[in-house]
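Colleague: I should like a close look at one part of this protein, explained for a first-year student. Please take one strand as the starting point and work outwards from there.

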Amino acid sequence: LSVLNLPIVNWQPGAALWLVWQMTDPAGKAQGLAIDNLSFSAASGSTPLPLPLSFQSSSTNLTLTWTGVTGQSYQLEYKDDLSSTTWLPLGNPITGTGAALSISADFSLSTQRFYRLHVIH
């Protein structure tokens, strides 16, 4: 028994999902089985996993450190005003190697600055 690439559309969170299959015996009688109370999780390939991130600061620098996934690219971005809709790149993207990665940002460039680490897909 297998089902492949069967989309479930318009399934609201918390709504019941029934999986039902039916088998016909050699005499033509149908036997069925249904499962409710099924738990599972799913994510598309574009859903990023949480990224444990640590930081250290000095009088002039902020250093972000994390473990980079091999082949995954990361871009540090910033903006000086949270009401701005645009994040600006800081430096070039960094590609993960499976080891710790670090990026430093200079505090002296602005009196107020906000940072995020963007995982590039």
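**A strand and its surroundings**

Modeller: Glutamine 75 is located in strand β5. The model discussed here is a predicted one. With a relative accessibility of 6%, which is under the 20% cut-off, glutamine 75 counts as buried. Its C-alpha atom lies 9.3 Å from that of isoleucine 103, although the two residues are 28 apart in sequence.

Before going further along this strand, it helps to place it in the whole. The protein has zero helices and nine strands. Along the sequence, the pattern is accordingly β-β-β-β-β-β-β-β-β. Buried residues account for 17% of the 121 residues. The confidence of the prediction should also be kept in mind. The mean pLDDT of the protein is 76, and 60% of the residues reach at least 70. Among the elements, strand β6 (residues 88-89) has the highest mean pLDDT, 94, whereas strand β2 (residues 30-35) has the lowest, 57.

Which strand is joined to β5 by seven bridges? The partner is β9, and the two strands run antiparallel. General background is useful at this point. Strands of a sheet pair through backbone hydrogen bonds, in a parallel or an antiparallel manner. One bridge of this pairing links lysine 79 with phenylalanine 114 in β9.

Glutamate 77 also belongs to β5. Is this residue buried or exposed? At 9% relative accessibility, glutamate 77 counts as buried. Its side chain takes part in two contacts that can be described individually. A polar contact of 2.6 Å connects the side chain of glutamate 77 with that of arginine 116. Another polar contact, of 3.2 Å, connects the side chains of glutamate 77 and histidine 118. Arginine 116 is a residue of strand β9. With a relative accessible area of 34%, arginine 116 is partly exposed. The C-alpha atom of arginine 116 is separated by 9.7 Å from that of proline 89, and the two residues are 27 apart along the chain.

The two faces of β9 deserve attention next. In a regular strand, side chains alternate between the two faces of the sheet. The covered face of β9 carries Tyr115, Leu117 and Val119. Phe114, Arg116, His118 and Ile120 belong to the uncovered face of β9.

Strand β8 can be read in the same manner. Leu101, Ile103 and Ala105 make up the covered face of β8, while Ala100, Ser102, Ser104 and Asp106 make up the uncovered one. Strand β8 takes part in an open sheet of three strands, ordered β3-β4-β8, with antiparallel pairing. Within this sheet, β3 (54-57) and β8 (100-106) are the edge strands; each has a single partner strand, so one side of each lacks a neighbour in the sheet. Neighbouring strands of the sheet are turned against each other by 20° on average, direction ignored. Strand β4 (residues 61-67) pairs with β8 in the antiparallel sense, over seven bridges. Across this pairing, leucine 62 stands opposite alanine 105, and threonine 65 has serine 102 as its bridge partner.

Which residues make up the largest nonpolar core? This core consists of twelve residues: Leu62, Leu64, Trp66, Tyr74, Leu76, Tyr78, Leu101, Ile103, Ala105, Tyr115, Leu117 and Val119. The elements giving two or more residues to the core are β4, β5 (73-79), β8 and β9 (114-120). As a general tendency in soluble globular proteins, nonpolar side chains are buried together.

Two aromatic members of this core may be considered in detail. Tryptophan 66 counts as buried at 2% relative accessibility, and tyrosine 74 counts as buried at 2% as well. The number of aromatic pairs in the protein comes to one. Why is the pair of tryptophan 66 and tyrosine 74 described as edge-to-face? The ring centres of tryptophan 66 and tyrosine 74 are 5.3 Å apart and the planes meet at 65°, so the pair is edge-to-face; the cut-off for this description is an angle over 60 degrees.

To return to the starting point, β5 is joined to β9 by seven bridges, and β5 is one of the elements that give two or more residues to the largest nonpolar core. Glutamine 75 and glutamate 77 both lie in this strand, and the side chain of glutamate 77 makes polar contacts with those of arginine 116 and histidine 118.

Methods:
Residues are numbered from 1 along each chain as its sequence is written. This is a predicted model: local features need pLDDT of at least 70, side-chain atom pairs count only at pLDDT 80 or more; totals for chains, interfaces and linings use all residues. Side-chain values use heavy atoms; hydrogens and water are left out. Two strands pair if DSSP finds at least two bridges between them. Helices (H or I, at least four residues) and strands (E, at least two) are DSSP runs, numbered from the N terminus. Axes are lines fitted to C-alpha atoms, for helices over the stretch in contact, and angles run from 0 to 180 degrees between N-to-C directions. pLDDT is the predictor's confidence in each residue, from 0 to 100. A nonpolar core is a set of buried Ala, Val, Leu, Ile, Met, Phe, Trp, Tyr and Cys residues joined through side-chain atoms within 4.5 Å. Buried means under 20% relative accessible area, exposed over 50%, partly exposed in between (1.4 Å probe, protein chains only). Rings of Phe, Tyr and Trp (its six-membered ring) pair if their centres lie within 6.5 Å; planes under 30 degrees apart count as stacked, over 60 as edge-to-face and the rest as tilted. A polar contact is a pair of N or O atoms within 3.5 Å; within protein, one must be able to donate a hydrogen and the other to accept it, and residues adjacent in sequence count only if both atoms are side-chain atoms.
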